[in-house]
Amino acid sequence: MRAGGGAASGALVLICHCLLLGSLGLRSAGAQDGNGCGHSLLTPHSGTLSSKNYPGTYPNHTMCCWRLQAPPGSSLLLAFGDVDLEPSEHCAHSSLLLADPQTGTAYGPYCRNSVPSAPLLVTNSSTVTVLFNSTSHRSGRGLLVSYATSQHPDLISCLVRGTHYTQEYISVYCPAGCKDIHGDIWGNPSQGYRDTSVLCKAAVHAGVIADELGGQVTLSREKGITLYESAFANGLRSKRGSLSEKRLVFHKACDDVLEVVTFNASSWWHEVDVLGQDRAWVAERAALSTTGHSWAAEPGAKAAWLELDLGTRRNVTGIITKGSSEQHDYYVTSYHVSSSRDRKNWRPYRGSSGQEDKVFEGNADSHGEVSNAFIPPIVARYIRVTPQSWHQRVALKVALLGCQLARVRIPRPYVPSVPKEVLEATSHPASRTPIPGIALDPEKAGSTLLVMLLIGGFVLLCSCLLLLAFLCHRKRKSAVELNCGITKGYPKLESSQVCSLQSLPAPSLASFPMAPTPGDLSWTHSPEYTEPDLVQVNPSSQTGPSTFKPLLEEGYTLPLVLNHYDVPGKQNEYAEPLPPEPEYAMPFSEPEPAGMHRSTCIITGPAGCSPVQYQVPALRPGELPAAVEGTGTPCSEGSRGWPRHCPLAHVYHEAL
């Protein structure tokens, strides 16, 4: 940017002329003069100015002078939105020049071939004069400049869009006067706005700021949606937009739908249609959530109004209006709003200007919703809507936006009570407020808290390790007891005994049917019974687990499986109890014929074992022993002596 010495003599003449205009009457906070001025809104804290016909081509041989004045003690910041003036040598044909009349410093002149080097100009003065001059030219959109005081270093231009940012959260200051600047917006306050929308204009549409004031805007860039619906709000009509990568969502803390206790109206319409049916357009039909027709004033009534009682004082930040319904084309196009705390004294809403009653733009059809924001908000219990213009008939549905009043209590400083006989100076600095019962040093509080968290985490970790070790030890002990105690065919041993076959008592082995040995003819396999896992000599004295089928009321549902061979379905899941009769059926006995008699067979076992003696059935007439059948000769002579010499070769009759 260039200051002072580079200005042309013609520019100095124009500055002198502009200063002369200022001395003649342009001494307000913001003023303009000339035939080349376009849309301008100048306030003490912010504003926007543009050339005539912007963004179209500015006219020939025009001039405009703006005098900007900030409050005392502050300086001005200028944001260059657009400077598109036809290029020429030293910007002689069309130019933009800024000057500080207090210090005599000049910035410029600027045109297309000499643009500002930065989008934001920081001055050290509270007064700046802006001069625009044009001669004969063929092209150029003109200029658009915004300004604010030095308290808002995050000032942006009215032309900044959401696509100019990449961060997720955005906080900027929008100047006053962006509502009527050319730029499109897509979306509505409930859905959000397409990220290609002009940011400050979308903020006015959402009701975050007032166009006549400007203000700080906080928003976030979130995931885009497929379709953005159009809406009319705060005097702006948004467009219907398609899918976008990101969308702009403005943050408003007090924007809830308030509950209305009662509706009152100056009058209501009692309609009788052509079929003779009655329809009452009473005040209760004015709730926005109701279906069907709305409230309507009596035909011919003057100064009709609708009153809403909120029950208690609320912070009211906005209003939503709607027409009658789709079947009837009745709606209000403009209205006033007034408020009261006692229903006696009514105060009209005048907005930020505070000079004239504000006229709100209403609906353009009978079924669409229109939103308007109250900036600053209204604090009242009763809200009255007074229609000023309408279509065919006064008909209205209303909803109010806002929140509860935040009760702010000023905290009382704590004054410690010191006994009169003890007068000691405290060691705390005067800037710290002591808390009764708690003595904390703010500088050491963070490290103390970290140490406490580390100690607590260490104790918790040790507890978990001890618990895990205890559970593992208990599980291992249970497994050892199960292997030693639930061995198939053996009783549970004491902990002092060794888990081996040699340590098992002999009597318990006799009670279990063992595998057959050569010569043991009494063993047979019965498919009707399954070997019990544990067998006691006396079942009535059994204290360990039983393999007999439990009763249904005992709640047992799972079969007992001790190894991977004992699978349900391979054999019977439970062993049935032994009947009181002998376990094996006795063979049918036939009367022995005359002349037949039994013989006694003695089996001699290994050395050291006592011989086994049992009765062998006598042979039938003509029947030979097994040894004789194979060889054809008896083992020994004599009719009774052969069993003694061939004890293992014998034949007996099996049961039928």
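Let me begin with Tyr-330, which is buried, with a relative accessible area of 13%, and please keep in mind throughout that what we have in front of us is a predicted model. The partner of Tyr-330 is Trp-269, and the two rings form an edge-to-face aromatic pair, with 6.2 Å from centre to centre and 65° between the planes. Trp-269 lies in strand β20 (residues 269-272), while Tyr-330 lies in the loop between β23 (306-322) and β24 (331-340), so the pair ties together parts that are 61 residues apart in sequence. Trp-269 counts as buried too, because its relative accessibility is 12% and the cut-off for buried is under 20%. Trp-269 also has a charged neighbour, since Arg-393 lies over the face of its ring, at 3.8 Å from the ring centre. In the case of Trp-305, it is Arg-384 that lies over the face, at 3.9 Å from the ring centre.

Now, how many aromatic pairs does the count come to? It comes to 10 aromatic pairs. One of them is formed by Tyr-58 and Phe-132, which meet edge-to-face, 5.5 Å centre to centre and with 85° between the planes. This pair links distant parts of the chain, 74 residues apart, with Tyr-58 in the loop between β3 (46-51) and β4 (63-69) and Phe-132 in strand β9 (residues 127-134). Are these two residues buried or exposed? Tyr-58 counts as buried at 1% relative accessibility, and Phe-132 counts as buried at 0%.

Finally, I would like you to find a group of rings in the structure, namely Tyr-335, Tyr-349, Phe-360 and Phe-374, which form one aromatic cluster.

Methods. Residues are numbered from 1 along each chain as its sequence is written. This is a predicted model: local features need pLDDT of at least 70, side-chain atom pairs count only at pLDDT 80 or more; totals for chains, interfaces and linings use all residues. Side-chain values use heavy atoms; hydrogens and water are left out. Rings of Phe, Tyr and Trp (its six-membered ring) pair if their centres lie within 6.5 Å; planes under 30 degrees apart count as stacked, over 60 as edge-to-face and the rest as tilted. Helices (H or I, at least four residues) and strands (E, at least two) are DSSP runs, numbered from the N terminus. Buried means under 20% relative accessible area, exposed over 50%, partly exposed in between (1.4 Å probe, protein chains only). A charge sits over a ring if NZ of Lys or CZ of Arg is within 6 Å of the ring centre and within 35 degrees of the ring normal.
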